[in-house]
Amino acid sequence: MPRAKFQTLTEQMFYTLLCLKEECCGMDILDRVPAITNRRVNVGSGTLYTLLEQFLDAEMICETKVDGRRRSYILTDKGREMLQKECARLTAQLADYQTIFGKEDMR
């Protein structure tokens, strides 16, 4: 059975929404994600623009500005709520790991 859309977020989804705490355009996101993850996560342009369209359709972000082909976006309350839910889910996973392995096994 496929998972419901946006029930959980992929890393690319999570970091795209995280970048949109402040207004920015797609090129900004392409630069920011690797910068804030120490190059651990990259988002390809095809993936990014697909995600932006999906997030717009789901009202998780809104378009703030259009300048030619350059479009800017920002997180909506619905998008912020999704990020908070995902953060809580990840925090619970980390707590489960620490319960089983202990904090000293964190690397």
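Biologist: Why does F101 count as partly exposed?

Modeller: This is a predicted model, and in it F101 has a relative accessibility of 46%. Buried residues lie under 20% and exposed residues over 50%, with partly exposed in between. Because 46% falls in between, F101 counts as partly exposed. The residue is found in helix α4, which covers residues 77-101.

Biologist: What makes F101 part of a nonpolar surface patch, and which residues share it?

Modeller: The patch is made by L94, Y97, I100 and F101 and has an area of about 400 Å². A patch residue needs over 30% relative accessible area, and nonpolar side chains are joined within 5 Å. The 46% of F101 is therefore over the required 30%.

Biologist: Why is L20 called buried?

Modeller: The relative accessibility of L20 is 0%. Since buried means under 20%, L20 counts as buried. This residue is found in the loop between α1 and β1.

Biologist: Which residues does L20 touch?

Modeller: Leaving aside residues up to four places away in sequence, L20 touches I29, L52, I61, Y73, I74 and L75. Contact here means heavy atoms within 4.5 Å. In addition, the C-alpha atoms of L20 and R80 are separated by 9.4 Å, although the two residues are 60 residues apart along the chain.

Biologist: How do you know that the buried residues of α2 line one face of the helix?

Modeller: The buried residues of helix α2, which covers residues 26-36, are G26, I29, L30, V33 and P34. Seen down the axis of α2, these residues fall within an arc of 120 degrees, so they line one face. An α-helix has 3.6 residues a turn, so residues three or four places apart point the same way. On the other side of α2, D31, A35 and I36 are exposed.

Biologist: What do the buried residues of α2 pack against?

Modeller: They pack against two helices, α1 (11-19) and α3 (45-57), and against two strands, β1 (24-25) and β3 (70-75). Just after α2, N38 takes a positive phi of about 55 degrees.

Biologist: How do you know that β1 and β3 are paired?

Modeller: Two strands pair if there are at least two bridges between them. Between β1 and β3 there are 2 bridges, in the antiparallel sense, so the condition is met. C25 has S72 in β3 as its bridge partner, and C24 stands opposite Y73 in β3.

Biologist: What is the pairing between β2 and β3?

Modeller: These strands pair in the antiparallel sense over 6 bridges, so the requirement of at least two bridges is satisfied here as well. One of the bridge partners is Y73 in β3, which is matched with E63. The two strands form a hairpin with 2 residues between them, and G68 in the turn has a positive phi of about 70 degrees.

Biologist: What makes β1 and β2 edge strands?

Modeller: The open sheet has 3 strands in the order β1-β3-β2, with antiparallel pairing. β1 and β2 (61-67) each pair on one side only, and they are the edge strands.

Biologist: How many helices and strands are there in the protein chain, and in what order do they run?

Modeller: The protein chain has 4 helices and 3 strands, and from the N terminus on its elements run α-β-α-α-β-β-α. Of its 107 residues, 34% are buried.

Key:
Residues are numbered from 1 along each chain as its sequence is written. This is a predicted model: local features need pLDDT of at least 70, side-chain atom pairs count only at pLDDT 80 or more; totals for chains, interfaces and linings use all residues. Side-chain values use heavy atoms; hydrogens and water are left out. Patches are made of residues with over 30% relative accessible area and no salt bridge: like charges are joined within 9 Å, nonpolar side chains (Val, Leu, Ile, Met, Phe, Trp, Tyr) within 5 Å. Accessible areas come from the Shrake-Rupley method with a 1.4 Å probe; for residues, only the protein chains shown count as cover. A salt bridge is a side-chain nitrogen of Lys or Arg within 4 Å of a carboxyl oxygen of Asp or Glu. Buried means under 20% relative accessible area, exposed over 50%, partly exposed in between (1.4 Å probe, protein chains only). The arc is that of the directions from the helix axis to the C-beta atoms.
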